[in-house]
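Please explain how the aromatic side chains and the nonpolar interior of this protein are arranged. A guided reading for a first-year student would be welcome.

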Amino acid sequence: MTLEQLQAAWRRSDRLLGLLADGAWLERPIALRQPFLFYLGHLPAFAWNHLGRGLLGRRPFQAGFDELFERGIDPVGVDACETQASWPERAAVLDYRERVRAELTGALSDPGFPPEGATVVATVVEHELMHHETLLYMLQELDHGQKRRPADWPALPPAGEARPVRVVEVPAGEATLGAARGSLPFGWDNEFPQLRVSVPRFGVDDRPVTNADVRD
């Protein structure tokens, strides 16, 4: 994994979190997940705790945030978790994120960055990408009034004029699942070993099912 891949993951994180309205940062649309503000701090904290402090041995510059945001997202043995009474101001968390990114950008740009750090960088990138899924399903459950529509998204078609579904034909072939151990700089435990599966020809709709599809 490279600095460019890490920066690409950061850009996608920013784009996803940029969908939130100003008043939505403490919302918890899913009871077993922390508020959105937590993830704003959790992603840089994970990167800093593993790369900055862990691999490079740098001193903490915001130890309270390193600890606050390092926690996991899944409460154990409960059906819901209580929201923390108070959270830091979003501006302070953004400052923390930017400092982490600046420190890590400098470290990964240094020719002296230890080669063995590639696995740690890969872990940080995969962690960031994993939480994109978390953010997406939380955003899916968030009230639409709490979300912003990106300026570059295409305009919605008028009601009743949605484009008809197109079926994409996928030819038969072999699908490769997972990877051989030792072949990747990082992989989750459920990605090993490699498995090859023959898949018959099939078709798939080119867009998700809509409310109108169900109504009709």
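The paragraphs below consider the aromatic rings, then the nonpolar core, and lastly one histidine.

The model shown here is predicted. It holds 9 aromatic pairs. One of them joins Trp48 and Phe61, whose ring centres lie 5.2 Å apart with an angle of 65° between the planes, an edge-to-face arrangement. This pair links distant parts of the chain, for the two residues are 13 residues apart. Trp48 belongs to helix α2, which spans residues 36-55, while Phe61 lies in the loop between α2 and α3 (63-68). The two partners can also be described by their accessibility. Trp48 has a relative accessibility of 1% and therefore counts as buried, since buried means under 20%. Phe61, with a relative accessible area of 25%, is partly exposed because this value falls between the limits of 20% and 50%.

A further pair is formed by Phe65 and Phe69. Their ring centres are 5.5 Å apart and their planes meet at 75°, so this pair is edge-to-face; the angle is over 60 degrees, as that class requires. Phe65 counts as buried at 10% relative accessibility, and Phe69 is buried with a relative accessible area of 0%.

These four residues are part of a wider group. Together with Phe38, Tyr39, Trp87 and Tyr96, the residues Trp48, Phe61, Phe65 and Phe69 form one aromatic cluster. Phe61 has a charged partner as well: the charged end of Arg99 sits over the ring of Phe61, at 4.3 Å from its centre.

Attention now turns to the nonpolar core. The largest such core has 37 residues, and the members that touch the most others are Leu20, Trp25, Phe36, Leu51, Phe69, Leu104 and Leu108. Two or more residues come from each of the elements α1 (3-17), α2, α3, α4 (90-109) and α5 (118-141). The greatest contribution is that of α2, with 10 residues.

Which residues does Phe36 touch, not counting residues up to four places away in sequence? With that exclusion, Phe36 touches Leu20, Ala24, Trp25, Glu27 and Pro29, and also Leu135, Met138, Leu139 and Leu142.

The final residue to examine is His127, which is located in helix α5. Is His127 buried or exposed? His127 counts as buried, because its relative accessibility is 4%. When residues up to four places away in sequence are not counted, His127 touches His42, Leu43, Phe46 and Trp188.

Methods. Residues numbered from 1 in each chain as written. Predicted model: local features only at pLDDT ≥ 70, side-chain atom pairs only at ≥ 80, totals over all residues. Heavy atoms only, no water. Phe/Tyr/Trp six-rings, centres within 6.5 Å; stacked < 30°, edge-to-face > 60°. Helix = DSSP H or I, 4+ residues; strand = E, 2+ residues; numbered from the N terminus. Buried < 20%, exposed > 50% of the residue type's maximum accessible area, 1.4 Å probe, protein only. Lys NZ or Arg CZ within 6 Å of the ring centre and 35° of its normal. Core = buried A, V, L, I, M, F, W, Y, C linked by side-chain atoms within 4.5 Å. Contact = heavy atoms within 4.5 Å.
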